[in-house]
Amino acid sequence: EHDLAKVGVEGSNPFARSNFLPWKPMWANLEDLEKAVAELPVEQLARFRVWFEEFKATHFDQKIERDAAAGRLDRLAEQALSDFRAGR
């Protein structure tokens, strides 16, 4: 068994592209993954839920950072500052 929180090169993300998995995951497609998750014992499901929330938050944060670095948030920031200065 592989602990989802420990597998992976980049943080706790077992799905990171830079990971080399010497073993084939027990799921081959989304349906297999859904079935595997549905069959987890309660304790492991709770651990998976915590890991997945962290996984989602990390990916969200990384997307915001990429968007900010690329200038895609500049217009929104300018509008927010303009509204603040105008007392809105």
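This note goes through the salt bridges and helix H2 of a predicted model.

1. Count of salt bridges. The model holds 5 salt bridges. Three of the pairs are taken up below, among them Lys-63 with Asp-67 and Arg-88 with Asp-83.

2. Lys-63 and Asp-67. These two side chains form a salt bridge, and their closest N and O atoms lie 3.0 Å apart. Both residues sit in helix H2, which covers residues 42-69, and because they are 4 residues apart there, about one helical turn separates them. The two ends of the pair carry their own accessibility classes: Lys-63 is partly exposed at 43% relative accessible area, whereas Asp-67 is buried at 11%.

3. Asp-67 and Arg-72. Asp-67 also forms a salt bridge with Arg-72, with 2.9 Å between the closest N and O atoms. Arg-72 counts as exposed, since its relative accessibility of 54% is over the 50% cut-off. Leaving aside residues up to four places away in sequence, Asp-67 touches Arg-72 and Leu-73.

4. Arg-88 and Asp-83. Here the side chains meet in a salt bridge with an N to O distance of 3.5 Å. Arg-88 is exposed, at 67% relative accessibility. Asp-83 is partly exposed with a relative accessible area of 22%, so it falls outside the buried class, which requires a value under 20%.

5. Network. Which residues are joined into one network by salt bridges that share partners? They are Lys-63, Asp-67 and Arg-72. Asp-67 is the partner shared by the two bridges, one to Lys-63 and one to Arg-72.

6. Dimensions of H2. The helix has 28 residues, and the distance from its first C-alpha to its last is 41 Å. That span is close to the 40 Å expected at 1.5 Å a residue.

7. Buried side of H2. Which residues of H2 are buried? Phe-48, Trp-51, Phe-55 and Asp-67 are. The buried residues of the helix pack against helix H1, residues 30-38. Asp-67 thus appears twice in this note: as a buried residue of H2 and as a member of the salt-bridge network.

8. After H2. Just past the helix, Gly-71 takes a positive phi of about 85°. Arg-72, the exposed residue that pairs with Asp-67, is also a contact of that aspartate.

Note on methods. Residues are numbered from 1 along each chain as its sequence is written. This is a predicted model: local features need pLDDT of at least 70, side-chain atom pairs count only at pLDDT 80 or more; totals for chains, interfaces and linings use all residues. Side-chain values use heavy atoms; hydrogens and water are left out. A salt bridge is a side-chain nitrogen of Lys or Arg within 4 Å of a carboxyl oxygen of Asp or Glu. Helices (H or I, at least four residues) and strands (E, at least two) are DSSP runs, numbered from the N terminus. Buried means under 20% relative accessible area, exposed over 50%, partly exposed in between (1.4 Å probe, protein chains only). Contact means heavy atoms within 4.5 Å. The expected span of a helix is 1.5 Å times one less than its number of residues.
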